[in-house]
Amino acid sequence: MIDRVASWMRAAERVVVLTGAGISAESGVPVFRGAGGLWRQFRPEQLATPEAFRRQPELVWAWYLWRRARIAEVQPNAGHLAIARWQQQRAGVSLLTQNVDGLHARAGSVQAIELHGSVWRVRCAAGCGFSTQDEPTGAPRTSFACACGGGLRPDVVWFGEPLDAIDAAIARVEEAGVLVVVGTSAVVYPVAALPRIAQRRGARIVEVNVEETALTTVADAVLRGPAAEVLPALASAS
Ligand code: BJW
Ligand code: ZN
């Protein structure tokens, strides 16, 4: 199967890689759903919504600062690195990620579209337009007030909020010959719709995941296994 997928990738003018939390699992970043998932300890509607932030900004910020601290102490893995190398070695490989951890950039990927934002970016919740980027190597953030008098929030996409980059992502997958979907449960929309959009335009859909997902029956090929093993193997085969 891996050789078949590798030959599709060689033949494709444009390859798009779409990643989810599973690609960072082997770096030690907890996924959202399933065993060890972040949502097991915290209900999403408690923390990842604009309402939760309005009600309890301190609690929501504490969750993000805890996640930042975990992310800051881990490293990109062989899966992130394989994608970055593809982008450097051949033209036409673009990366869409649902992840907010910034590990693709740390692995050397360029111009990843971060569909759900980044835990390292902060913006004004009152909408004055202020935005800034914190560094994983810096001291933990202690100020949550904007100069305009409003509060600062993590620049991530919560449930019920629009994805600024979704049109750009749709345009990318519509041009793809192959869409490699890595480590996502494929249940959160609108990102979960991207594989079908790509397939309608003729792309081959490849799933890389340790488990069966909502995408498995749609995929043209399924590579079962951890991303940090499957992606380097696919890279050597292609
Ligand atoms: C491995 C592995 C290894 C493990 N190797 N694999 C009812 C029906 C349909 C839709 C809706 C509905 N009700 C509401 C909606 C819409 C809603 C939605 O989709 N909800 C569903 C959950 C029901 N979507 C939204 O609200 C979105 N916005 C929207 O629709 O706006 C409309 C609008 C338009 C115009 C104006 C205004 C509004 C926004 C969604 C935002 C999602 N945000 C989060 C949080 C981001 C910030 C943060 O991180 O705190 O994004 S939720 C969370 O889920 C996060 C993730 O990016 C996202 C996806 O999760 P992911 O990556 O798939 O992770 P997991 O844990 O689910 O899966 C991990 C996978 O890895 C598993 O498959 C494992 O097997 C695998 N794995 N180890 C390979 N080593
Ligand atoms: Zn402000």
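This is a chat about cavities, a helix and a few single residues in a predicted model.

User: Let's start with holes. How many cavities of 30 Å³ or more are there?

Analyst: The count comes to two. The largest cavity has a volume of about 40 Å³, and the second largest holds about 30 Å³ of space.

User: What lines the largest cavity?

Analyst: Its lining is made up of Leu18, Gln98, Val181, Thr184, Ala186, Val188, Val191, Ala192 and Pro195. By class that gives seven nonpolar residues, two polar ones and no charged ones.

User: And what about the lining of the second largest cavity, which residues are there?

Analyst: Val29, Pro30, Leu38, Trp66, Arg67, Arg70 and Ile71 line the second largest cavity. Helix α6, residues 57-72, gives the largest share of that lining, with four residues. The class split is five nonpolar, no polar and two charged.

User: Ala186 was in the first list. Where does Ala186 sit?

Analyst: Ala186 is in the loop between β7 and α10. Its phi is positive, about 55°, although Ala186 is not a glycine.

User: Is Ala186 buried or exposed?

Analyst: Ala186 counts as buried because its relative accessible area is 13%, and the cut-off for buried is under 20%.

User: Which other non-glycine residue has a positive phi of about 55°?

Analyst: Gln111 does. Gln111 is found in the loop between α8 and β3. With a relative accessible area of 69%, Gln111 is exposed.

User: Back to the loop after β7. Which residues does the cis peptide bond join?

Analyst: The cis bond joins Tyr189 and Pro190, with omega at about 5°. Pro190 has its place in the loop between β7 (178-182) and α10 (194-200).

User: Switching to helix α7. How many residues has it, and how far does it reach?

Analyst: Helix α7 runs over residues 78-89, so twelve residues, and spans 16 Å from its first C-alpha to its last. That is close to the 16 Å expected at 1.5 Å a residue.

User: What happens at the start of α7?

Analyst: A side-chain oxygen of Asn77 comes to within 2.7 Å of the backbone nitrogen of Gly79 there.

User: Which α7 residues are buried?

Analyst: Gly79, His80, Ala82, Ile83, Ala84, Trp86 and Gln87 are the buried ones in α7. What covers them includes α1 (2-11), β1 (15-19), α2 (22-25), β2 (93-97), α8 (103-106) and α11 (227-237).

User: Now His116. Where is His116?

Analyst: His116 is in the loop between β3 (113-114) and β4 (117-124). His116 is buried, at a relative accessible area of 14%.

User: What is His116 in contact with, leaving aside neighbours within four places in sequence?

Analyst: Those contacts are Thr97, Gln98, Val100, Asp155, Val156, Val157, Leu163, Val188 and Val191. Gln98, Val188 and Val191 are also among the residues lining the largest cavity.

User: Last one, Arg123. Which strand is Arg123 in?

Analyst: Arg123 lies in strand β4. Arg123 is partly exposed, with a relative accessible area of 27%.

User: What does Arg123 contact outside its neighbours within four places in sequence?

Analyst: Arg123 is in contact with Phe130, Ser131, Gly151, Leu152, Arg153 and Asp155. Arg153 is 30 residues from Arg123 along the chain, yet their C-alpha atoms are separated by 5.5 Å. Asp155 also turns up in the contacts of His116.

Note on methods: Residues numbered from 1 in each chain as written. Chains lettered and ligands numbered in written order. Predicted model: local features only at pLDDT ≥ 70, side-chain atom pairs only at ≥ 80, totals over all residues. Heavy atoms only, no water. 1 Å grid on protein atoms, 1.4 Å probe; cavity = no way out; pocket = protein on both sides within 12 Å on 5 of 7 lines; lining within 4 Å. Points joined across faces, edges and corners; volume = space filled by probe spheres on them. Nonpolar A, V, L, I, M, F, W, Y, C, P; charged D, E, K, R; others polar. Helix = DSSP H or I, 4+ residues; strand = E, 2+ residues; numbered from the N terminus. Expected span 1.5 Å × (residues − 1). Buried < 20%, exposed > 50% of the residue type's maximum accessible area, 1.4 Å probe, protein only. Contact = heavy atoms within 4.5 Å. Polar contact = N/O pair within 3.5 Å; in protein donor to acceptor, adjacent residues only side chain to side chain.
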